Amino acid sequence: MPTLSVFMDVPLAHKLEGSLLKTYKQDDCPNKMFLAYRVCMTNEGHPWVSLVVQKTRLQISQDPSLNYEYLPTMGLKSFIQASLELLFGKHSQAIVENRVGGVHTVGDSGAFQLGVQFLRAWHKDARIVYIISSQKELHGLVFQDMGFTVCEYSIWDPKKLCVDPDILLNVVESKQIFPFFDIPCQGLYTGDLEEDTRILQYFVSQGFEFFCSQSLSKNFGIYDEGVGILVVVAVNNQQLLGVLSQLKGLAEALWLNPPNTGARIITSILCNPALLAEWKQSLKEVVENIMLTKEKVKEKLRLLGTPGSWGHITEQSGTHGYLGLNSQQVEHLVRKKHIYIPKNSRINFSCINANNINYITEGINEAVLLTEGSELCLPKEKKL
């Protein structure tokens, strides 16, 4: 029997789980709160799931006609088509010209894994990646592990306190940058599916080629399914087919066959007008609830007399947004109030509900008052 292990020199890897979540889990305080969850939460503090998804899942599980054979490497064709039409619209210029396609991927990061593999193989001279996103830790690691140099590029306008898309467009056009978009939760940003992908419509209309990671886990509430697509937009069908053929080979090496259940649920909903309308309504209700929560946070801070202007809270769209606190204020919330938020103060507003809003806003007020005289830090709002 061998006495030496081939793994003897393998150290423990640095945990990707953020130190904030690790510290939160180790905290024994009964009133602790974590406001940086990635998933959308309900008023009861549970992950949100669209009711139409629950109904559809039950129907599929009871369908005796379904077979459970492996899917093709490229994935479920009907799912890919329905997802592309959701992203661009049925009458999209790119779809009509047959120059947009996709690969059914595994997990939220699967599309990035696949896309980065392709870029490394076919654009070996391109080594610098600009992440215009608050998710640099997630997406940046994928590019970094493939040998790319990862940088951040800000499109946040500190004077107007908003994102200036012209900055992004000017950079991409002037430096001929290949865009790799991330659409993680279409419909949960503004409540309007088309509005949430307006930037893609612009790039399509201008004839750009690009990749896009389209995650469909969050907006359907099936986080454990990890359903996504790597979307490819090319200048013509011939170029598209070439790219897709190369991606197929890469996908075979990565996972061979994507999972089926989540894709079936989503396809059933997107291809059924009644279910689609029900799902759209559920998205609007979530967004309206988040907007109401932001309004309540801003109003409570006003009533508490909290120094500073808090209008930026309600001016931001989506489940996540910046509180605009500086590092001292964030540290006070974490250490003294056991309210765990990231250093950039970007929180998930769906984590705030009737049971904790008073404690949270009072904690923010206390943190600001104790550090009065130091400026609020309005972080770089970045969106891929």
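The following exercises, with worked solutions, concern a predicted model of one protein.

Residues are numbered from 1 along each chain as its sequence is written. Local features need pLDDT of at least 70 and side-chain atom pairs count only at pLDDT 80 or more, while totals for chains, interfaces and linings use all residues, and side-chain values use heavy atoms, without hydrogens and water.

**Exercise 1. Confidence**

State what average pLDDT the protein has, and what the pLDDT is over residues 378–384.

Step 1. pLDDT is the predictor's confidence in each residue, from 0 to 100. The protein averages 88, and 90% of the residues score at least 70.

Step 2. Over residues 378–384 the pLDDT is below 50. In the model this stretch has 37 contacts (heavy atoms within 4.5 Å) beyond near neighbours in sequence.

**Exercise 2. The four-stranded sheet**

Determine the strand order of the open sheet and explain which strands stand at its edges.

Step 1. Strands are DSSP runs of E with at least two residues, and helices are runs of H or I with at least four, both numbered from the N terminus. Two strands pair if DSSP finds at least two bridges between them.

Step 2. The order is β2-β9-β8-β7, with mixed pairing.

Step 3. β2 (100–106) and β7 each have a single partner strand, so one side of each lacks a neighbour in the sheet.

Step 4. Neighbouring strands are turned by 20° against each other on average, direction ignored.

Step 5. β8 and β9 pair in the antiparallel sense over six bridges; S215 stands opposite G228 in β9.

Step 6. Helix α3 (residues 77–88) packs on the sheet, touching β2, β7, β8 and β9. α9 lies across β2, β8 and β9.

**Exercise 3. Two packed helices**

Describe how helices α2 and α11 cross and which residues make the contact.

Step 1. Two packed helices are described by the angle and the distance between their axes. Axes are lines fitted to C-alpha atoms, for helices over the stretch in contact, and angles run from 0 to 180 degrees between N-to-C directions.

Step 2. The axes of α2 (residues 51–61) and α11 (residues 273–303) come within 8 Å and cross at roughly 145°.

Step 3. V52, K55 and T56 of α2 meet L275, E278 and W279 of α11.
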